[in-house]
Each structure stands twice: as C-alpha cells, then as structure tokens.
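Got your viewer open and a selection box ready? Load the model below and we'll walk through it one stop at a time.

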Amino acid sequence: MVYKSTGYNIVLAQAVIALALAVVCTVAWGWSTAGAALAGAAIGVVTNLYMAVRIFGNGAVRPAEQALQRFFSAEAVKIAMTVGLFALAIGAFKVAFLPLIVGYSLTLMVYWLALLPVRAKPEFK
C-alpha cells in the first residue's frame with residue numbers, strides 16, 4: 001500500500017526537518033531559540049504521527065464510510081492535540097512564539113515537498 005508508506009515518510013521527513021532546524025537555530029541563535037523551534041516542530045511531528053497511526057495503524061481494509069469517519073475523527077483529535085500542545089508550550093513552558101510557530105510551519109511545508117515524487121499509479125490493468 002503506497003499511501004501508508006507515503007504517510008509515514010512524511011512524518012519521517014518532518015522529524016528530519018525538525019532536527020535540522022534545531023541544529024541551525026542552536027548555531028545561529030542559541031539553545032533557547034532552538035528549543036522553541038524544536039518544540040514547534042515536535043508539535044507538528046507528534047500530531048501528524050498520531051494521524052498516520054490512527055488512519056493506517058493496523059492496515060485493515062475498511063468500507064469507505066468507515067474509513068472516512070475514522071479520518072474525520074482522527075483529524076478532530078489532531079486539531080485538539082495541536083491546540084493543547086501550543087497552549088502547553090506557550091503557557092506552561094513560556095517558549096518564544098516566533099521560533100515555535102516557525103518550527104511548526106516547517107513541518108507543514110513538508111507536505112508540499114513530500115508529495116512531489118508521488119505519481120498516480122493505476123490499480124488495475
């Protein structure tokens with residue numbers, strides 16, 4: 001199933017981008033900025049990993065209605081997790097907002113790049 005591997009490859013690419021961003025921020029601006037950027041990127045990685053596991057988890061083939069319901073419920077939980085993790089990062093840990101949002105935004109930009117090499121393959125001949 002090519003979609004399952006694509007979903008997990010996107011999460012892996014997001015994790016790699018998060019680590020690269022943390023290294024760049026550490027060198028350029030220091031540990032505090034790197035921690036905030038890594039926290040933002042981690043929010044994106046963790047929530048997208050949840051989504052991938054929830055949708056592709058056990059690999060079972062489901063009827064379309066059940067798959068769509070599972071997708072929407074996972075998306076709702078993902079949004080709630082994202083809001084909660086941002087509130088935790090800003091409220092409890094007092095991280096800087098700009099590096100936090102930049103880190104999160106970079107994980108979203110991975111979608112634009114990760115799907116470029118995917119080509120539609122006919123399922124039947």
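Here is a tour from the overall fold down to single side chains.

First, some ground rules. This is a predicted model, so to speak only of its better parts, local features need pLDDT of at least 70 and side-chain atom pairs count only at pLDDT 80 or more, while totals for chains, interfaces and linings use all residues. Residues are numbered from 1 along each chain as its sequence is written, and side-chain values use heavy atoms, with hydrogens and water left out.

**Stop 1: the whole chain.** Switch to cartoon view. You'll find 4 helices and 0 strands, running α-α-α-α from the N terminus. Helices here are DSSP runs of H or I with at least four residues, strands are E runs of at least two, and both are numbered from the N terminus. Now turn on the surface: about 8300 Å² is accessible, 74% of it belonging to carbon and sulfur atoms (Shrake-Rupley method, 1.4 Å probe). Of the 125 residues, 28% count as buried; that label means under 20% relative accessible area, with exposed being over 50% and partly exposed in between (1.4 Å probe, protein chains only). As for contacts (heavy atoms within 4.5 Å), take those between residues at least 6 apart in sequence: 73% of them join residues at least 24 apart.

**Stop 2: α3 against α4.** Select residues 64-92 for helix α3 and 97-114 for helix α4. Two packed helices are described by the angle between their axes and the distance between the axes. The axes of α3 and α4 come within 10 Å and cross at roughly 155 degrees. Axes are lines fitted to C-alpha atoms, for helices over the stretch in contact, and angles run from 0 to 180 degrees between N-to-C directions. The two helices are therefore roughly antiparallel (under 35 degrees is roughly parallel, over 145 roughly antiparallel, 65 to 115 roughly perpendicular, the rest oblique). The crossing is right-handed, meaning that the near helix is turned clockwise from the far one by less than a right angle; anticlockwise would be left-handed. Show side chains, and you'll see K78, T82, F86, A89 and I90 of α3 meeting F97, L100, I101, Y104 and Y111 of α4.

**Stop 3: α2 against α4.** Now add residues 31-56, helix α2, whose axis lies 6 Å from that of α4 at an angle of about 40 degrees. That makes α2 oblique to α4, and this crossing is right-handed. On the α2 side, the residues that meet α4 include A36, G40, G44 and N48; their partners in α4 include G103, Y104 and T107.

**Stop 4: the rings.** How many aromatic pairs does the structure hold? There are 3, counting rings of Phe, Tyr and Trp (its six-membered ring) with centres within 6.5 Å; planes under 30 degrees apart are stacked, over 60 edge-to-face, the rest tilted. Zoom to F71 and F72: ring centres 5.7 Å apart and planes at 70 degrees, so edge-to-face. F71 is partly exposed, at 35% relative accessibility. Next pick F86 and Y104, with centres 5.0 Å apart and planes at 75 degrees, so this pair is edge-to-face. It links α3 to α4 across 18 residues, and both F86 and Y104 are buried.

**Stop 5: two threonines.** Finish with T47 in α2 and T82 in α3. T47 is buried at 0% relative accessibility, and T82 is buried at 10%. Leaving aside neighbours within four places in sequence, T47 touches K78, M81, T82 and L85, while T82 touches I43, T47 and Y104.
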